[in-house]
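Me: I would like a close look at a single part of this protein. Here is the entry.

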Amino acid sequence: MTLQLGDTAPDFTAETTDGEVRFHQWLGDQWGVLFSHPKDFTPVCTTELGETARLKEHFARRNTKVIGLSVDPVESHRRWEADIEETQGQAVNFPVIADPDHTVANLYGMIHPNASDTTTVRSVYVIDPSKKVRLTITYPASTGRNFNEILRVLDSLQLTDTYSVSTPVNWTDGDDVIISPAIPDDEARERFPKGFTTLKPYLRVTPQPNR
Ligand code: BEZ
């Protein structure tokens, strides 16, 4: 069954490069990003793991833990991580799940048989502190992901969970946001003291409230 937004992220216990991980316990009360790679020792994946490791502090600032997955065993991950450090100039600093029997891949629907019966596609799941799935993205094996986009979505989710706003096209942290159409103007004036611009009754724009 396909995982949908709002579903509880399936729990699992798996071997990783940092030892055994019980997923929900490992997440604790933080946000999580779980992402899959088709295979070890593949070029695009090599660049993705290096870049994700480089962004560790950016994820930490968003109270977010990162964990990767590929279907190869831990010993293979370890050998590959040496190549990643050598070629990307950055050591992998987060756990990578070994999923040779596809237990986790099947729980999350990471294997798309029309692409491959044996390797995962490039899936990303953002999971909130209540363990709900808040974002799913699926890329083909041939296309490396943009991890700045994952950071951007985390910013949006964490902002919109706190304020009655949504974030417009191409929004990045610090840009103006949209006031929920469910909030009447007089309430909006109280909630958004910096003021707002009404472009249409359903499209009211205000400076980012926590800036
Ligand atoms: C890669 O990471 O480069 C890759 C993996 C599987 C298929 C195609 C490319």
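At what angle do helix 2 and helix 4 pack, and how far apart are their axes?

Reply: This is a predicted model, in which local features need pLDDT of at least 70 and side-chain atom pairs count only at pLDDT 80 or more, while totals for chains, interfaces and linings use all residues. Residues are numbered from 1 along each chain as its sequence is written, and side-chain values use heavy atoms, with hydrogens and water left out.

Helix 2 spans residues 43–54 and helix 4 residues 74–88; they pack at about 75 degrees, with axes 9 Å apart. Helices here are DSSP runs (H or I, at least four residues), numbered from the N terminus. The axes are lines fitted to C-alpha atoms over the stretch in contact, and angles run from 0 to 180 degrees between N-to-C directions. Helix 2 and helix 4 are therefore roughly perpendicular, a term for angles of 65 to 115 degrees.

On the helix 2 side, the residues in contact are Cys45, Thr46, Thr47, Leu49, Gly50 and Arg54. From helix 4, Trp80, Ile84, Thr87 and Gln88 meet them. Contact means heavy atoms within 4.5 Å. By class, this contact has four nonpolar, five polar and one charged residues. Ala, Val, Leu, Ile, Met, Phe, Trp, Tyr, Cys and Pro count as nonpolar, Asp, Glu, Lys and Arg as charged, and the others, Gly among them, as polar.

As for the wider setting, an automatic or database assignment sets the domain bounds: domain 1 covers 13–144 and domain 2 covers 163–206. Their centres, taken over C-alpha atoms, are separated by 35 Å.

Definitions and conventions:
Helices (H or I, at least four residues) and strands (E, at least two) are DSSP runs, numbered from the N terminus. Angles under 35 degrees count as roughly parallel, over 145 as roughly antiparallel, 65 to 115 as roughly perpendicular and the rest as oblique.
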